[in-house]
Amino acid sequence: MSSQRAVVVGASHAGVQLAASLRSEGWVGEIVLVGDESVLPYQRPPLSKAYLSGKSALDQIVIRSAEFYAKQGIVLRDAKVEEIDRLAGNLRLSTGEALRYDKLALCTGARPRQLAVPGAKLREVYYLRTAADVELIRAAATPGRRAVIVGGGYIGLETAASLTALGVDVVVLEAAERVLERVTAPDVSAFFTRIHQSEGVEIRTGAMVEALTGEGTVREVVLAGGESIPADLVIIGIGVEPNTELAAAAGLMVDDGVLIDSGARTSDPEIVSAGDCTRQEVTRYGTSVRLESVPSAGEQAKVAAATICGKSKEVSALPWFWSDQYDLKLQIAGLNTGYDEVVLSGDPEQDRDFSCFYLRCGELIAADCVNRPRDFMFCKRVIAQRTPFERSELVTAN
Ligand code: FAD
């Protein structure tokens, strides 16, 4: 084995894919994957879905088995990387050790945005990003208790669905005028509101949280305007912030994400980065975006590994995402930013399957497809390749 060592910081979707792809791209040196969660890397999407509702155990959602890492010669290190010394090619670990690297990849991901109101540190106030977070929530979420979820985005709504399945009474508080406002059209928001309400979830929009109160343990959520909502537990899902401090302290360019080029190189071409911690131009839209999705983390990681191995690959896949709530699978193709027209196929006021197509100047730029996998596949292709299409195809693609 060559004495060259590649170190990957962050052992989740991006980090694991990057380490695995290094081998398949022909890296023959050492690979060290450093992660600070002290468990075998696991898939994050099931956390708010099957793992929270108790349908999967942690060992069923690992990204790769322990044997895989052993077989591929990928060494897992349980530590936090505290500093990068680019001149010396060294990392300082939380264990006090120094770890030399020849090639470095940063896959540090994101962390939940903190709710900045009085009382946010009371007991029984939770965030949902890690398996450890979910274990705490599951222990607190016993039938008949009342959970208040702050944030009506994907994580908040998936959590509402999973907690409802556990017999918990759920209230979702959304500051905007509708759930999923940042990411979907009004018809899609109205659809998910209807579905959740029919499952017994109370959804309150225009609900701005001003404080959490209680004696040591949270008991009430206080809204602007003074109304108090009783709570046995509170789960906060108000978005994430990228973990960029390590990169910034090392002098790499950061702007709400570690800036990377199409080959996943940071502003130091010797250091690559991938996943939720990055911001990159999406060629299809000519705009720079920080994506928070497993497919995109995987795609960037593959390209980053190729770059380390001296090959030239570029991130080109269309961004896509999914969300599971109850029996509904929402699949999202592309980015809808700047849409000026919406076309619906199906009736979101009545059905449990429909698609919402987003157009800009007549061009299809994105689609939200609920229980419509064929629409999703059709749109992915048309959007990515900018294939001309007839409008009638949108409503008949399914
Ligand atoms: P992360 O998963 O954030 O992992 C980064 C890792 O690096 C973490 O383990 C972190 O502890 C570690 N780390 C950070 N700094 C250091 C350091 N200095 N030293 C050592 N280790 C460090 N995406 C979808 O596409 N579909 C879904 O349905 C979906 N559902 C989701 C549900 C939930 C509940 C959550 C939380 C996310 C969901 N996502 C979903 C988003 C998806 O999980 C992320 O896009 C994906 O995890 C990004 O992977 P990553 O490796 O870039 O970052």
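A pocket, as the word is used in these legends, is an open set of points on a 1 Å grid with protein on both sides within 12 Å along at least five of seven lines, and its lining residues are those with an atom within 4 Å of a point. Everything shown here comes from a predicted model.

**View 1. Here's the second largest pocket and the residues around it.**
The space inside comes to about 310 Å³. Count the lining and you get 23 residues, with Glu299, Val315, Ala317, Leu318 and Pro319 lying nearest the centre of the pocket. By type, the lining splits into 10 nonpolar residues, eight polar ones and five charged ones.

**View 2. Now for the elements that supply the lining of that second largest pocket.**
Strand E20 (278–282), helix H7 (294–308) and helix H8 each put in at least two residues. Which of them gives the most? That's H7, with six residues. Keep H8 in mind, since this helix turns up again in View 5.

**View 3. Five strands make up this open sheet.**
Reading across, the order is E22-E23-E26-E25-E24, and the pairing is antiparallel. Strands E22 (320–325) and E24 (341–345) sit at the edges, each pairing on one side only. From one strand to the next, the twist averages 15 degrees. If you trace the side chains along a strand, here's a handy rule: in a regular strand they alternate between the two faces of the sheet.

**View 4. Zooming in on two strand pairs of the five-stranded sheet, we begin with E22 and E23.**
E22 and E23 are antiparallel and share six bridges. One pair to look for is Trp322 with its bridge partner in E23, Gln331. The hairpin of these two strands has two residues between them, and Tyr326 takes a positive phi there, near 55 degrees. Elsewhere in the sheet, seven bridges link E25 (residues 354–360) with E26 (residues 363–370), again in antiparallel fashion. Here Arg360 has Glu363 of E26 as its bridge partner.

**View 5. Helix H8 lies across the five strands.**
H8 covers residues 373–385, and the strands it lies across are E22, E23 (328–334), E24, E25 and E26. What angle does H8 make with E26? The helix runs at about 160 degrees to that strand. H8 also helps to line the second largest pocket, supplying at least two residues.

**View 6. Strands E2 and E3 pair up in the parallel sense.**
Five bridges hold together this pairing of E2 (residues 30–35) with E3 (residues 74–78). Ile31, for one, has Ile74 in E3 as its bridge partner. To get from E2 to E3, the chain passes through helix H2 (residues 66–72), and the resulting β-α-β crossover is right-handed.

**View 7. Last stop: an open sheet of three strands.**
The order is E4-E5-E6, with antiparallel pairing. E4 (81–85) and E6 (98–100) are the edge strands, so named as each pairs on one side only. The twist from one strand to the next averages 25 degrees. E5 (residues 90–93) joins E6 through three bridges, and Arg92 finds its bridge partner in Ala98 of E6.

Definitions and conventions. Residues numbered from 1 in each chain as written. Predicted model: local features only at pLDDT ≥ 70, side-chain atom pairs only at ≥ 80, totals over all residues. Heavy atoms only, no water. Pairing = 2+ DSSP bridges. Helix = DSSP H or I, 4+ residues; strand = E, 2+ residues; numbered from the N terminus. Axes fitted to C-alpha atoms, helices over the stretch in contact; angles between N-to-C directions. Contact = heavy atoms within 4.5 Å. 1 Å grid on protein atoms, 1.4 Å probe; cavity = no way out; pocket = protein on both sides within 12 Å on 5 of 7 lines; lining within 4 Å. Points joined across faces, edges and corners; volume = space filled by probe spheres on them. Nonpolar A, V, L, I, M, F, W, Y, C, P; charged D, E, K, R; others polar. Right-handed = clockwise from strand over helix to strand, strands pointing away.
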